[in-house]
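Visitor: I would like a close look at a single part of this model, the open sheet and the strands in it. Please take it strand by strand, and add whatever else helps to place it.

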Amino acid sequence: MSIVGQERVRGQYRNEYIAALAATSSLVASVACAGWSSPALPVLRGSNSPIPVTPDEGSWIVSLLSIGSLFGPIICGLFVDRYGRRPVLLFSAIPLVAGWLFIAFAESVGMLYTARLLHGIGYGLAYSVTPIYLGEISSDAIRGSTGVLVTVMAKLAFLFEYSVGPYVGFRALAWISMALPVGFCVLFFWMPETPYFLLARGNKQAAADSLRWLRRSTSIDEELRRMEKLVLDSKQKSNPLKQLLLTSTNQRSLVIILLLSLGMQLTGINAILGYSQTIFSRLALPLTAAELSIVLALVQLGSVMLPTFLVDRAGRRPLLLASTAGSFLGLAMCAVYFTLDETTTDVLSSESGAAHGWIPFGGVLLFIISFAIGLATVPFAILGEVFPKHIKAAANAVFAVITSAVVFSVVKLFQVISDGAGTYVSFWIFTGCTAVTGILIFLVIPETKGQSFERIQEMMIMRRAPTIAVLLLLLLIPTSSEVEIDCNTLRMGQYMCPDPTIRQIDPKTQQLRGCTQENKARVWCIAVDGIVCSETKNTSFTREMECKWTNGYHFDTALLLSVFLGMFGADRFYLGYPALGLLKFCTLGFMFLGQLVDVILIATQVVGPADGSAYIIPYYGPVITVVRSDNWTYRLPQDNW
């Protein structure tokens, strides 16, 4: 009998973990959208880009995910208490699949923008509903560890994108990534609805069946009665959002969640992960940027598994304090390195593979490990503890909206500040914000390990969380202090045009893309560091440049026709001179004399296409540029050349 009892105790949480893993697989599917930008952005900005993008467009591609995620909590708030946790979480896969289809068939930057907004909606919805589902199916004994699964699965998604992305095509990555939301639907479709929601809808029998399956026990009557009481209490209370904002206990809990959500994002974690390959490409190390990103993802995944075992043993507060201290040291190492790299010339060696190149990478790894053991995981555990059941949805929505807004600011401004002032400035801002976060955590966050919900509510009443401290943290959201100027007024030496990082030369014509009949083309240029253009709010801008308009006439074709078939007028017919072509045909090229003249005229490019366009000439061909003098030119003596 005791052996049977031990077996039941050992496996009593098995179904809860199965349901939690199935639910958090939604985060693998959604967070993969955030990890996608790291391997995809270098491809989009490379020389063989399927869709050439500017640096500013690249920053929008990364940050639009955060804008889309703002709609996720809104959808959650509207439908999660009406239709249930399970169907709304399943619905989150639809915008994810649609976004991957947009990327797979994308032919323009606008389609990529649309895909990122759709991904953001699915991302925000999954992050809003999953903690509610986990909180309502988990026993008190495993509440912390199932909450940590949120972050573990998210880091698994980063590892997937970092490992697969650099080694498959741009569109192939979209098709492969689309398998993640499809797989989530297949897994989660068989999981039960939460007992709390079923009781709230008056379906006590379905709630009992759900709880019986989750607990793997038939002795559920007492727990079911407690749930019924909580549901009844919540129905007797006022609007959840009103309760969240007006009740003093909930206000103090909200201050704690605001502090943790702001502190998480102001460390710059999303900017560093979103631009990891771009950042690592600046390090002269034996490993490639893609390989360094894979190492980063592996370390990150291993690190977030530690709190799964520590959060219910070491406690929330010690993990948060240790996390901020380690994150501060890692970011400070990166900030010092990039400061020396960008502002000095004789401190760091310029040789490839120099030992100091490992310093910033080691700093990033220290930051990732430290962030993972506390700041990345503990806030989700605390979020499920400090709010009553009936306002958890509203609290999750507020948490997600604030997080999304701060993520957008951090990710977007990281590119702007790095382009305008230097990467080291961004890292110093992240370092300062992390230091302030650590101080506020020490002053504000209570220890909730092993405490009942009633005791936690008493602690919220006794402990006065300094709201002004959170307002101080809000002031630390990075903003740009650069002075904007019209970059079309820049002088020679202050810009490079066209921007060599963008493929703006048509390989078929060897001319600028978009060249008009006026022999002008508007191209992307880049200003020197420290200049922010009013046109784009970063270092990129557009300018008209001279080019040669082509209309499909190839120089080599015209010359070959003139040499071999010129006596029949084939060259003149090809170039659009039908009258001269017919005349040459009737006179056998003026008895071959006219043919000889046309060979010379076409070879020297004196005669071109009749429509006034220029010849299409390969880059190795004989391009002739006519230079004329006028009243604005003069000749210098040879001594002054």
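Guide: What follows goes through the sheet and then turns to one helix and one cavity. The model is a predicted one.

The sheet is open and has 3 strands in the order β2-β5-β7, with antiparallel pairing. β2 and β7 are the edge strands; each has a single partner strand, so one side of each is left without a neighbour in the sheet.

Take the pairing of β2 and β5 to begin with. Strand β2 covers residues 495–496 and is joined to β5 in the antiparallel sense by 2 bridges. Tyr495 has Ala527 of β5 as its bridge partner, and Met496 has Ile526 of β5. On the other pairing, β5 runs antiparallel to strand β7, residues 540–546, over 7 bridges. One of the residues involved is Trp524, whose bridge partner in β7 is Thr542.

The side chains of β5 can be read next. In a regular strand, side chains alternate between the two faces of the sheet. Strand β5, residues 520–527, shows this alternation: Ala521, Val523, Cys525 and Ala527 point to one face and are buried. Lys520, Arg522, Trp524 and Ile526 point to the other face and are not buried. The two bridge partners that β5 offers to β2 therefore fall on opposite faces, as Ala527 belongs to the buried set and Ile526 to the other. Trp524, the partner of Thr542 in β7, points to the face whose side chains are not buried.

Elsewhere in the chain, helix α24 covers residues 423–444. At 1.5 Å a residue, its 22 residues should span 32 Å, and the end C-alpha atoms are 32 Å apart, which agrees. Buried residues of α24 include Phe427, Phe430, Leu440, Ile441 and Val444. Thr423, Ser426, Thr431, Cys433, Thr434, Thr437 and Gly438 are also among the buried residues of this helix.

The last item is empty space inside the model. Rolling a probe the size of a water molecule over the atoms shows where such space is left. There are 3 cavities of 30 Å³ or more, and the second largest has a volume of about 40 Å³. Its lining is made up of Pro39, Ala40, Val43, Gly165, Val168, Gly169, Phe170 and Leu173. The elements giving two or more residues to this lining are α3 (37–44) and α10 (170–188). α3 supplies the largest share, 3 residues. By class, the lining of the second largest cavity has 6 nonpolar residues, 2 polar and no charged.

Note on methods:
Residues are numbered from 1 along each chain as its sequence is written. This is a predicted model: local features need pLDDT of at least 70, side-chain atom pairs count only at pLDDT 80 or more; totals for chains, interfaces and linings use all residues. Side-chain values use heavy atoms; hydrogens and water are left out. On a 1 Å grid over the protein atoms alone, a cavity is a set of points where a 1.4 Å probe fits but cannot get out, and a pocket is an open set with protein on both sides within 12 Å along at least five of seven lines; lining residues have an atom within 4 Å of a point. Grid points are joined across faces, edges and corners, and a volume is the space filled by probe spheres set on the points. Helices (H or I, at least four residues) and strands (E, at least two) are DSSP runs, numbered from the N terminus. Ala, Val, Leu, Ile, Met, Phe, Trp, Tyr, Cys and Pro count as nonpolar, Asp, Glu, Lys and Arg as charged, and the others, Gly among them, as polar. Buried means under 20% relative accessible area, exposed over 50%, partly exposed in between (1.4 Å probe, protein chains only). Two strands pair if DSSP finds at least two bridges between them. The expected span of a helix is 1.5 Å times one less than its number of residues.
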